[in-house]
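Some short questions follow, each asking what lies behind a term. Each reply sets a value against its cut-off.

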Amino acid sequence: MVMSNPLKGKEVLTGLIVAGAASNILTTVFGVFHVDVFLSAYMLPLSSYATGNAVYAFINTANDVAGAWLVDSFAARSSRSSTVGVAGILFALCFLSPFFRWNYWPSGSSSLWDTTHFIVSLSLYDTMYSFTAILFGSMFTDNHNLSEDDRIGFMAVGKFINIVVSFLVVKFGLKFFSTDDLGRFRSYVLVLALLASVMFILAQRIMHSHRNFEFMGSQNYDVAPAPAKKGKSMKRLELRLVIRDFINYRNFRFWVVMEMLLECQTNFRNAFMKMFIDNLLHASGLSGSACNWLLSCMGPLSSIAGFVMYLPIRKFGYQRT
C-alpha cells in the first residue's frame, strides 16, 4: 500500500457542505409538501394513506440496513466520493416522483393507482435519502485526519447554510403551491431538482480537486482510514453478519423502540405540519401570509433550537453511562 498525497480534509468538508445543502433542498420541500399533494390534490383516501404508510414502514426499515451495507461495500472497494454525483442525481429524480401523478389508470381504479404511486414514490425517495445520508455521514465520521475544531466548524457552517436554504425553498414553494393546479409548483420542483443535481456534481468535483489516497490496484479512498492492526486484513462486509451482530447486541431492542418512536415523531411532524397550519390556524382566522411565514420558519427555528442546546452541552459536557 502506497500513500501518495496527504488527505485534503478541507476539500472533503467543502464538498460535503455543498452536498448537504443540495440534500437539504430536496428533503425540506419533500417533507413539507408531499402529504398535502396526495391528500389534498390527488384526494387519496385516508384509509389508503394509512395502508401505504404501513407498507412503507417495512421498506423504510429495510433500506436503512441495506443502505449502510452498500456504503460499506463501496468503502471496501473504491472511493465513496466518486458516487456522490450519481447518488445525488438519483436522489433528485426520486424526489420528483410524488409530484407527477400517474394518469394512466383504468376507469374507477384511480385510488388503487394513487396508493401504489404513494408507496412507490415514498420508497424510492427514502431509499436514496438513506443512502446519501449514510454516504455523506460516513465520509465525515471516517475522516480521522480532522481535528475537533474542523468538525465543529463544519457542523456550524452546514447548520447555518441549511437554516437559510430551508427557509428560502419553503417560502418560494408556498408562492407556487396550489392544490387546484400543480403546474407552477411542478415547474418549481423541477428547477430545484436540477439545481440540486448540479450541486451534487459540483460537490464531487470539489472533493476530487485533490486525489487523497492512491492504493496499489484500483482502490482510491476519500477518507483517511484508521491505522490498521498488524496481521488483520480488511474483509468485505456481509449483510447477514451485520444483521446477526445487531440481533446479538444487548441494547438492540431498546434502540429499535427508540428509533421507532423517533421516526413516528419526526415523520408525523414533517408530514402533517402544513395541513395542521392550513386546517387549524388558517381556518381559525390567521391570515394566509402569516401561515406561510410560520410554516417557512418552523424548520429553521427547530435547527436553531438544536444549535442553541448544543452550546451548553459542549461547555459542560454530559454524563457517560
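Q: Leaving aside neighbours within four places in sequence, which residues is T115 in contact with?
A: In this predicted model, T115 is in contact with L44 and S48 once those neighbours are set aside. Contact here requires heavy atoms within 4.5 Å.

Q: What makes T115 count as buried or exposed?
A: Its relative accessibility is 12%. Buried means under 20%. T115 therefore counts as buried.

Q: Where in the secondary structure does T115 lie?
A: T115 belongs to helix α4, which covers residues 110–141.

Q: Why is C94 called buried?
A: The relative accessible area of C94 is 12%. The cut-off for buried is under 20%, so C94 is buried.

Q: Why is C297 called partly exposed?
A: C297 has a relative accessible area of 24%. Partly exposed is the class between buried, under 20%, and exposed, over 50%. C297 therefore falls in the partly exposed class.

Q: How many disulfides does the structure hold?
A: Zero. To count, a pair of cysteine sulfur atoms must be within 2.5 Å. The structure holds no such pair.

Q: What makes E259 buried, partly exposed or exposed?
A: The value for E259 is 24% relative accessible area. Under 20% would be buried and over 50% exposed. E259 is therefore partly exposed.

Q: Where is E259 found, and how far is its C-alpha atom from that of T61?
A: E259 is in helix α8, residues 252–282. The C-alpha atoms of E259 and T61 are separated by 10.0 Å. Along the chain the two residues are 198 residues apart.

Q: How do you know what span to expect of helix α6?
A: Helix α6 runs over residues 183–207 and has 25 residues. The expected span is 1.5 Å times one less than the number of residues. That gives 36 Å for α6. From first C-alpha to last, α6 reaches 37 Å, close to the expected value.

Q: Which residues of α6 are buried?
A: Among them are F185, Y188, V189, L192, A193 and A196. The buried set also includes M199, F200, A203 and M207.
 
Q: Why might residues three or four places apart point the same way?
A: An α-helix has 3.6 residues a turn, so residues at that spacing point the same way.

Q: How many helices and strands does the chain have?
A: Nine helices and zero strands.

Q: What share of the chain is buried?
A: Buried residues make up 38% of the 321 residues.

Definitions and conventions: Residues are numbered from 1 along each chain as its sequence is written. This is a predicted model: local features need pLDDT of at least 70, side-chain atom pairs count only at pLDDT 80 or more; totals for chains, interfaces and linings use all residues. Side-chain values use heavy atoms; hydrogens and water are left out. Helices (H or I, at least four residues) and strands (E, at least two) are DSSP runs, numbered from the N terminus. Buried means under 20% relative accessible area, exposed over 50%, partly exposed in between (1.4 Å probe, protein chains only).
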